[in-house]
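Biologist: Got a minute to go through this model with me? I'd like the fold first, then the side-chain pairs.

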Amino acid sequence: METSTLHHSPNFGLIMLPNMNLDIATTYLQYDVYRYFWYTIHTGGGTRMGSFPEIEHVVEVPLLSKATSTTSHNHKGGFRTLPFIIANEAFERLASIGLMPNMILYLTREYGMETAAATNFLLLWSAATNFTPLIAALLADSCVGRYSMIAFGSVTSLLGMVLLWSTTMIPRQTSNQLTNVYNSTSTMQLLILHSSFALMAIGAGGIRSSSLAFGVDQLSMKDKDGNVKESYFGWYYASVTLSILLGLTGVVYIQETIGWKVGFGIPVILMFISTISFFLASPFYVKLETKKNMVSGLAQVIVASYRNRLVQLNQEYGNLTYYHEKDSILLVPSESLRFLNKACMIKDPSQDLKPDGRPLNPWNLCTVDQVEELKALLRVIPIWTAGIMLTVNVSQGSFLVLEASSMDRHITSNFEIPSGSFGTFMIISVVLWVILYDRVLVPAASLILGRPACLGSKQKIGLGLFSSCVSIASLAIVENIRRGIAIDQGYSEQPQAVVNLSALWLLPRQILDGLAEASACIGQNEFFLAELPQSMSSLASTLGGLAMSVGNLAASFVLSGVDGVTGGGGNESWLSSNINKGHYDYYYAFIFSLCIANFGYFIYCSKAYGPCKGNGKYNFK
């Protein structure tokens, strides 16, 4: 057995051709890399690392430089800036969430939209609001920076809300008492309405994509204190949750009791406060320089793989040379999705590398880490797609408002719950389920089993998807009963009439949706963050929002299809604007069938994926 001594310098890494098992090679590499770092720290430089068995070739390549900020910010940032950042997003959420619940009523009653058309409109707006943060995050990281993105988002959101508020003061369906002719909504009025929603979606993307990371930037330039950072995360999420609750209760109540002008004017004031609070601390913010985004690295792998598509991959690693960074523990790519390995394979060092060892063209030659990052992303996509159906189910909340408005919402003789506030119960349910799981179920299970125990990430996703199936089934049953009572009471032609059925029967749906959200969404975040490389953490944190965006689009597609098919030939659509003449119970049953099929799809994908990273003795079996 031959051995070769490897020499290292601070600026160079290795490419090697081992004729040995990949696991053994990785073990040797990890061991010597750790030794090298220890040696460098204690001696001031790296010289001799040690020996690797069965090394055929060694090619030195430079360590890719990492962008750093060259500006000193010792006098900026810190905890003092965080309240302004938190207030900015908290007030934005309060303003935008407060508009959402009753918007279906505003569009149908004030603009005369059909129920299906108005719901589609809101689904598309929700999809845009969840998708724009992804685009904004890429732009903030690679072009404009986080501060500029939040500032742009704040001003844009404020402008959108001002436009929406102005629609409450523009005359719409006015009538002439002599001729009894109605003037429908004009093109200009619709243009203002659509523009307001577009601006709010763009603005929300600018704020939500960068606020959390921008707050971390303020701490990163100071002496890092774990308690401060943990406190920041806690206050951030607590403020957002509180804002959502206030929006679904206080703002909605004002809209229903005082009217649209005041109800839409309150969000304008809140958004104005949000914008001012952010700009007040501008002189004290740390504003980091932008750097190259990882998306370009993933694109380079795809392009390089295609350009090298004719290159043959041999089974023996000893016949191949791969390009990697010095500080990477990956010398060779994995065997899964082998066609991507061509992106990091060195065919001819004299043609692929510069004299200093760098690639001549990064679009022809990538690192092993880049290849493995793309592989990891492709592997999680099937399970990611299974989460889309969860959003399709939750997106039926607009119909829930219509049902609640036609049911008895009284808690006492003098107080009734606003129909738009029923979404609050799902948020409360989310919080309660999280507390119940973390403080009751996990300790109890650990005590019974005699060891620490918890649900794995895929188990949480599965539980959430199953709860979503039961949730929509319960809604179908309640709607069937409600519709039957409405017809028996003679309300077939009166969709706004209140039937003799308590709206509290809608709570099982909300409670189960809360369990689905608490379990599946947390499980998805855990899964993506664990399975994707640490260098892709930002992308991993946006996958959930991207699934929501796609889910809203899918819900719009399903709704349009059902409305078109069932309403053809002069028939009454299942999704008729007259909720008592339509068949929303059939529509919910159809969604239930899709949820069941999706649950089976998830089980298949979960088994095909195999064990997750970190799944072990602490997970339920």
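Modeller: We can start with the overall make-up and then move to rings, charges and surface.

Biologist: What should I know about the model itself?

Modeller: This is a predicted model, where local features need pLDDT of at least 70, side-chain atom pairs count only at pLDDT 80 or more, and totals for chains, interfaces and linings use all residues. Residues are numbered from 1 along each chain as its sequence is written, and side-chain values use heavy atoms, with hydrogens and water left out.

Biologist: How many helices and strands are there in the protein?

Modeller: The protein has 18 helices and 6 strands. Both are DSSP runs, numbered from the N terminus: helices are H or I with at least four residues, strands are E with at least two.

Biologist: What share of the residues is buried?

Modeller: Of the 621 residues, 48% are buried. Buried means under 20% relative accessible area, exposed is over 50%, and partly exposed is in between (1.4 Å probe, protein chains only).

Biologist: And the contacts between residues at least 6 apart in sequence?

Modeller: Of those, 81% join residues at least 24 apart. Contact here means heavy atoms within 4.5 Å.

Biologist: Which residues of H13 are buried?

Modeller: Ser-398, Phe-399, Leu-400, Val-401, Leu-402, Glu-403, Ala-404 and Ser-405. That is 8 of the 9 residues of helix H13 (residues 397-405), so the helix is largely enclosed by the rest of the structure.

Biologist: Switching to rings. How many aromatic pairs does the structure hold?

Modeller: There are 21 aromatic pairs. Rings of Phe, Tyr and Trp (its six-membered ring) pair if their centres lie within 6.5 Å; planes under 30 degrees apart are stacked, over 60 edge-to-face, and the rest tilted. Tyr-147 and Tyr-285 make a tilted pair, with 5.9 Å from centre to centre and 55 degrees between the planes.

Biologist: Where do Tyr-147 and Tyr-285 lie?

Modeller: Tyr-147 is in helix H5 (residues 146-167), and Tyr-285 is in the loop between H8 and helix H9 (294-307), so the pair ties together parts that are 138 residues apart in sequence. Tyr-147 counts as buried at 17% relative accessibility. Tyr-285 counts as buried at 0%.

Biologist: Which aromatic cluster do they belong to?

Modeller: Tyr-147 and Tyr-285 form one aromatic cluster with Phe-214, Phe-278 and Phe-279.

Biologist: Any charges over rings?

Modeller: Here are two. The charged end of Arg-309 sits over the ring of Tyr-306, 4.1 Å from its centre. The charged end of Arg-379 sits over the ring of Tyr-609, 4.2 Å from its centre. The rule: NZ of Lys or CZ of Arg within 6 Å of the ring centre and within 35 degrees of the ring normal.

Biologist: Salt bridges next. What does the count come to?

Modeller: The count comes to 10 salt bridges. Each needs a side-chain nitrogen of Lys or Arg within 4 Å of a carboxyl oxygen of Asp or Glu.

Biologist: Give me one inside a helix.

Modeller: Arg-509 pairs with Asp-513, the closest N and O atoms being 3.0 Å apart. Both lie in helix H16, 4 residues apart, about one turn of the helix. Both Arg-509 and Asp-513 are buried.

Biologist: Another?

Modeller: Lys-375 forms a salt bridge with Glu-372, at 3.4 Å between the closest N and O atoms. They are 3 residues apart in helix H11 (residues 368-386), about one helical turn. Lys-375 is buried, with a relative accessible area of 1%, and Glu-372 is buried at 17%.

Biologist: And one that links distant parts of the chain?

Modeller: Lys-581 and Glu-493 meet in a salt bridge, 3.5 Å from N to O. Lys-581 is in the loop between helix H17 (537-566) and helix H18 (584-609), and Glu-493 is in the loop between helix H15 (457-488) and helix H16 (507-531), 88 residues apart.

Biologist: Buried or exposed?

Modeller: Lys-581 counts as partly exposed at 32% relative accessibility. Glu-493 counts as exposed at 58%.

Biologist: Which residues form the nonpolar patch on the surface?

Modeller: Ile-269, Phe-272, Ile-273, Ile-276 and Leu-280, with about 470 Å² of accessible area together. Patch residues have over 30% relative accessible area and no salt bridge; like charges are joined within 9 Å, nonpolar side chains (Val, Leu, Ile, Met, Phe, Trp, Tyr) within 5 Å. Areas come from the Shrake-Rupley method with a 1.4 Å probe; for residues, only the protein chains shown count as cover. Ile-269 is found in helix H8 (residues 260-280).
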